[in-house]
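Here are a few short exercises to help you find your way around a new structure. Have a go at each one before you read its solution.

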Amino acid sequence: METWDLYTADGQKTGRTMTRAEKVPEGYFHLVCDVLVQHTDGTYLLMKRCGTKRVYPGWWEASAGGSVLAGEEPPEGARRELRE
């Protein structure tokens, strides 16, 4: 189960965490990242979502991204999401 750090609206960590299964409490936020991959010829990587995904199965997307995990810094989370 993924665990996320909770942040204030101005981007400060609160010291609280939550899991993916929970609803984000009112007034708190968690970090997500989107990474666009540009090839040297100027084109961008597009990916087709797996047909078994719960949300938007089979749709095309232009970014690799997701939630930054608890304890990760934003650049770390972006690199991990890109690898995944």
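**Exercise 1. Work out how strands S1 and S2 run and how many bridges join them.**

Keep in mind that this is a predicted model. Start with the ranges: S1 covers residues 3–7 and S2 covers residues 13–19. The two strands run antiparallel, and four bridges join them. Next, pick out a pair across the strands: tryptophan 4 stands opposite methionine 18 in S2. Finally, look at the turn of this hairpin, where five residues sit between the strands. There, glycine 11 takes a positive phi near 85°.

**Exercise 2. Decide whether aspartate 5 is buried or exposed, then find what its side chain reaches.**

First, place the residue: aspartate 5 is in strand S1. Its relative accessible area is 12%. The cut-off for buried is under 20%, so aspartate 5 counts as buried. Now check who surrounds it. Setting aside neighbours within four places in sequence, aspartate 5 is in contact with Lys13, Arg16, Thr17, Phe29, His30, Leu69, Ala70 and Gly71. One of these deserves another look: the backbone nitrogen of glycine 71 lies 2.9 Å from a polar atom of the aspartate 5 side chain.

**Exercise 3. Find where glutamine 38 is and which polar partner its side chain has in tyrosine 44.**

Step one is location: glutamine 38 is in the loop between strand S3 (32–35) and S4. Step two is exposure. With a relative accessible area of 49%, glutamine 38 is partly exposed, because exposed needs over 50%. Step three is contacts: leaving out residues up to four places away in sequence, glutamine 38 touches Thr43 and Tyr44. With tyrosine 44 there is a side chain to side chain polar contact of 3.4 Å. The glutamine 38 side chain also reaches the backbone oxygen of glycine 42, at 3.5 Å.

As a last step, go back to tryptophan 4 from the first exercise. How far apart are glutamine 38 and tryptophan 4 in sequence and in space? They are 34 residues apart in sequence and 28 Å apart in space, going from C-alpha to C-alpha.

**Exercise 4. Name the residues that make the nonpolar surface patch that includes Tyr56.**

Begin with tyrosine 56 itself, which is in the loop between strand S4 (47–48) and strand S5 (60–61). Its relative accessible area is 48%, so tyrosine 56 is partly exposed. Patch members need over 30%, and tyrosine 56 has 48%. Then add its partners: Val55, Tyr56 and Trp59 make a nonpolar patch of about 330 Å².

Definitions and conventions. Residues numbered from 1 in each chain as written. Predicted model: local features only at pLDDT ≥ 70, side-chain atom pairs only at ≥ 80, totals over all residues. Heavy atoms only, no water. Patch = residues over 30% accessible without salt bridge, like charges linked within 9 Å, V, L, I, M, F, W, Y side chains within 5 Å. Areas by Shrake-Rupley, 256 points an atom, 1.4 Å probe, with all protein chains shown as cover. Salt bridge = Lys/Arg side-chain N within 4 Å of Asp/Glu carboxyl O. Buried < 20%, exposed > 50% of the residue type's maximum accessible area, 1.4 Å probe, protein only. Pairing = 2+ DSSP bridges. Contact = heavy atoms within 4.5 Å. Polar contact = N/O pair within 3.5 Å; in protein donor to acceptor, adjacent residues only side chain to side chain.
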